[in-house]
Amino acid sequence: MPSFLRRLAVAVAIGAAQSVYAAPAASSAADPCAKIAGTLFAPPADALACMKSFPFNETLKQNVLTVISRVFDFYTFEDYYLDSPPPFQDSTTNIRAQLARINQTHYETDFDFNKNVYDFTTQLNDGHTRWFPDCYTQFQNLIPAPVVTLEENGVQNVFVAPDAVEFVSLLGSNFTSFFDEIHFDWKRLAGAKVLEIEGMDAYAYAQHIAETQSGNYLDLGVRINSAFSSYRISGTDFSQRFGDISGPQFPTQNTLTMKLIPVNSTKAETVEVPFLASYLGLPFTDREDFWAINCAANDETNGVDFKSSAQLAKLSNKRSKKLAKASIVDMSAKNAVGLPSQFEPTLPPVNGSEGVIKSFILPDKKTGVMFVGSFEPDDFFQFQTDVQTTVTAFQEAGVSQLLIDLTNNGGGFVCLGQFLHVFLTGSKSLGNFPNPGFQSTNRANPLAQKILASDIELGVTSEISFYTADNWAFLSNNTEMPPTVNYMAPPTSRQINGQTYVESQRFLDVCPFNVDIPEDPPFDPSKIAIVGNGNCASTCAMFSTLMNERHNTKIAVFGGKPGLPTQFKGMAGNQVLEWFDIDSEIKTANLKDDPLAPPDLLVSGDFRHNWRIAYSFFDEKVPIAYVSELPHFRFAYTVDTYNNPQNLWVFAAKQLLG
């Protein structure tokens with residue numbers, strides 16, 4: 001974008017504010033953003049100075065809070081937070097009181113305000129419902145000492161990852177040279193036993209990070225696992241997370257103090273490990289440029305009226321039906337670092353492993369492994385074909401048992417979780433409840449009821465709306481509803497923590513499958529097992545919950561804090577709407593001028609929310625998100641398994657499948 005247009009974007013974004021702040025002075029010395037322009041990595045203090053150079057603005061604050069407050073009206077779990085049931089009680093908060101507190105707080109900078117909102121929504125521990133201000137989520141703080149939890153001689157402790165040298169080196173010399181220049185020998189820390197972090201017991205510090213920064217997952221034990229480094233699939237490649245201790249979102253820490261015992265030593269020492277901030281956004285030249293690129297609202301920030309001819313033309317080349325998603329946002333994925341090649345599987349992948357699923361046959365020749373890295377592939381239907389191809393290859397090779405790895409699976413298309421469930425268990429197994437998903441509802445607040453009624457009047461269908469009834473099937477007979485059905489008339493209500501919660505009538509998902517679903521399972525259900533680290537969110541959590549609640553599938557969780565129970569699933573909502581999505585629903589229903597409707601955002605950001613509830617088969621009155629479901633098995637990571645998927649699979653197959 002030309003410089004004059006960027007400056008125009010700044011003026012548009014802040015011109016309506018009560019006090020418009022001027023462009024920064026000409027000299028780069030006075031412009032903290034110019035100081036770090038063009039760099040991939042910067043000292044945290046310099047990155048923070050750039051972000052704090054934008055003064056607080058009351059108009060922008062009121063705009064953001066109004067959007068967030070009115071979107072919370074659609075949030076399915078709001079009333080549960082008033083007194084969250086055990087074991088999720090650490091998430092208890094009064095959402096409206098928190099918004100009021102933020103509104104009454106004085107802030108020096110725009111960063112301070114947005115970070116406060118970010119922290120509040122993050123600490124809801126629902127990865128589906130968070131505020132992401134694009135202006136301030138472009139940096140990730142990293143230290144060259146990612147930490148892991150490992151068992152050694154029967155005792156679990158925290159360690160600097162033994163593969164830290166190989167892993168961190170993949171960030172390149174732009175990262176590692178910084179530490180060389182300040183004469184910090186980070187390589188000697190690899191494999192060190194960590195006794196304390198920031199003056200706290202190492203596991204206590206991991207819990208502190210889980211309680212304040214990790215977010216995403218209701219269960220504390222699962223969040224603690226997120227604090228540690230672990231393997232994953234990022235895109236379609238093997239990768240390794242830094243973890244929330246070693247890779248926090250904001251560059252607000254300059255160092256991390258560790259008390260540790262290096263390898264080949266018996267003496268404890270205290271080390272201040274420097275952070276370095278990684279810039280994940282587009283290039284910029286100065287402060288005004290940074291704002292225009294990262295902070296000002298753009299064409300993709302706010303929703304659209306999908307009835308317009310221009311929008312219909314864009315949709316004409318896409319799927320005939322909008323597809324529901326349920327996923328978390330892991331900002332560290334922007335800075336995906338590969339898994340060191342020596343730790344990737346050495347087994348040949350079977351057919352169907354080109355996408356987000358990586359499949360192998362273990363050396364025992366009887367165990368097939370499907371590492372499902374995500375339910376959000378580039379090609380919705382290719383995912384289904386890949387599963388079919390992989391299962392066929394397993395059967396042709398004589399595989400008789402299946403291990404599914406869901407480590408760090410952040411979710412994706414709701415229907416793909418249901419597809420994998422029914423494909424692996426067979427349609428006959430569904431019995432008298434033939435739908436492969438859950439009973440579901442959405443919140444029937446007054447504006448939601450207006451949206452659905454207006455969609456019906458306007459003749460809107462599932463091609464352009466998630467609200468219309470032809471997205472769903474009748475609970476009574478599992479047949480698709482016509483788009484003229486008003487499933488909120490009448491709504492239903494119940495009491496949650498003393499509040500009257502109003503929701504739609506119950507319905508089921510309608511999923512497009514492009515492969516034939518087998519009537520009988522391709523493998524003996526008793527010979528199917530699931531492994532992971534509990535960081536299995538959204539659609540992943542729904543899939544694992546379906547396998548547990550409907551088929552009692554063996555499930556094992558690795559890692560976590562010793563002695564602390566850890567769920568096998570992360571946050572299990574039923575569908576997420578991004579800010580763009582809910583704003584588009586409102587505009588498509590011709591309701592943007594309704595007094596209950598949120599305004600357009602003046603800044604670039606996303607307030608996403610959990611829009612639907614999935615109800616448990618164990619108790620049809622309770623959302624699966626609030627049903628405690630512990631794994632059948634719990635194992636510690638070891639130096640051989642924490643970053644070596646193949647070693648973990650071989651171990652798990654012996655333990656779970658024999």
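Which side chain does that of Ser 214 join through a polar contact of 2.7 Å? In this predicted model, the partner is Asp 244, whose side chain meets that of Ser 214 at that distance. Ser 214 belongs to helix 9, which spans residues 202–214, and with a relative accessible area of 5% it counts as buried, because the cut-off for that term is under 20%. Leaving aside residues up to four places away in sequence, the surroundings of Ser 214 consist of Thr 122, Arg 130, Ile 209, Arg 223 and Asp 244, each of which Ser 214 touches; Asp 244 thus appears both in this set of contacts and as the polar partner.

From this helix the reader may turn to the sheets. Strands of a sheet pair through backbone hydrogen bonds, and they do so in either a parallel or an antiparallel manner. One open sheet is built from 3 strands in the order 1-12-3, with antiparallel pairing. Strand 1 (41–42) and strand 3 (139–142) are its edge strands, each of them pairing on one side only. Strand 1 is joined to strand 12 (residues 276–279) by 2 bridges, the two strands running antiparallel, and within this pairing Ala 42 stands opposite Ala 277 of strand 12. Helix 8, made of residues 173–181, lies across strand 1, strand 3 and strand 12, and its direction makes an angle of about 160° with strand 12.

Another open sheet has 6 strands, arranged in the order 15-16-17-24-25-29, and here the pairing is mixed. Strand 15 (357–361) and strand 29 (633–635) stand at its edges, and because each has a single partner strand, one side of each is left without a neighbour in the sheet. From one strand to the next the twist averages 20°. At the strand 29 edge, the link to strand 25 (residues 554–558) is made by 3 bridges, and these two strands run parallel; Val 557 has Arg 634 of strand 29 as its bridge partner.

The last topic is the space enclosed by the protein. Rolling a probe the size of a water molecule over the atoms shows where empty space is left. Searching the whole structure gives 6 cavities of 30 Å³ or more, and the largest cavity has a volume of about 90 Å³. The lining of this largest cavity includes Lys 321, Lys 322, Leu 323 and Ala 324, together with Cys 415, Phe 466, Asn 471 and Trp 472, while Asp 509, Val 510 and Pro 512 are also among the lining residues.

Methods: Residues numbered from 1 in each chain as written. Predicted model: local features only at pLDDT ≥ 70, side-chain atom pairs only at ≥ 80, totals over all residues. Heavy atoms only, no water. Pairing = 2+ DSSP bridges. Helix = DSSP H or I, 4+ residues; strand = E, 2+ residues; numbered from the N terminus. Axes fitted to C-alpha atoms, helices over the stretch in contact; angles between N-to-C directions. Buried < 20%, exposed > 50% of the residue type's maximum accessible area, 1.4 Å probe, protein only. Polar contact = N/O pair within 3.5 Å; in protein donor to acceptor, adjacent residues only side chain to side chain. Contact = heavy atoms within 4.5 Å. 1 Å grid on protein atoms, 1.4 Å probe; cavity = no way out; pocket = protein on both sides within 12 Å on 5 of 7 lines; lining within 4 Å. Points joined across faces, edges and corners; volume = space filled by probe spheres on them.
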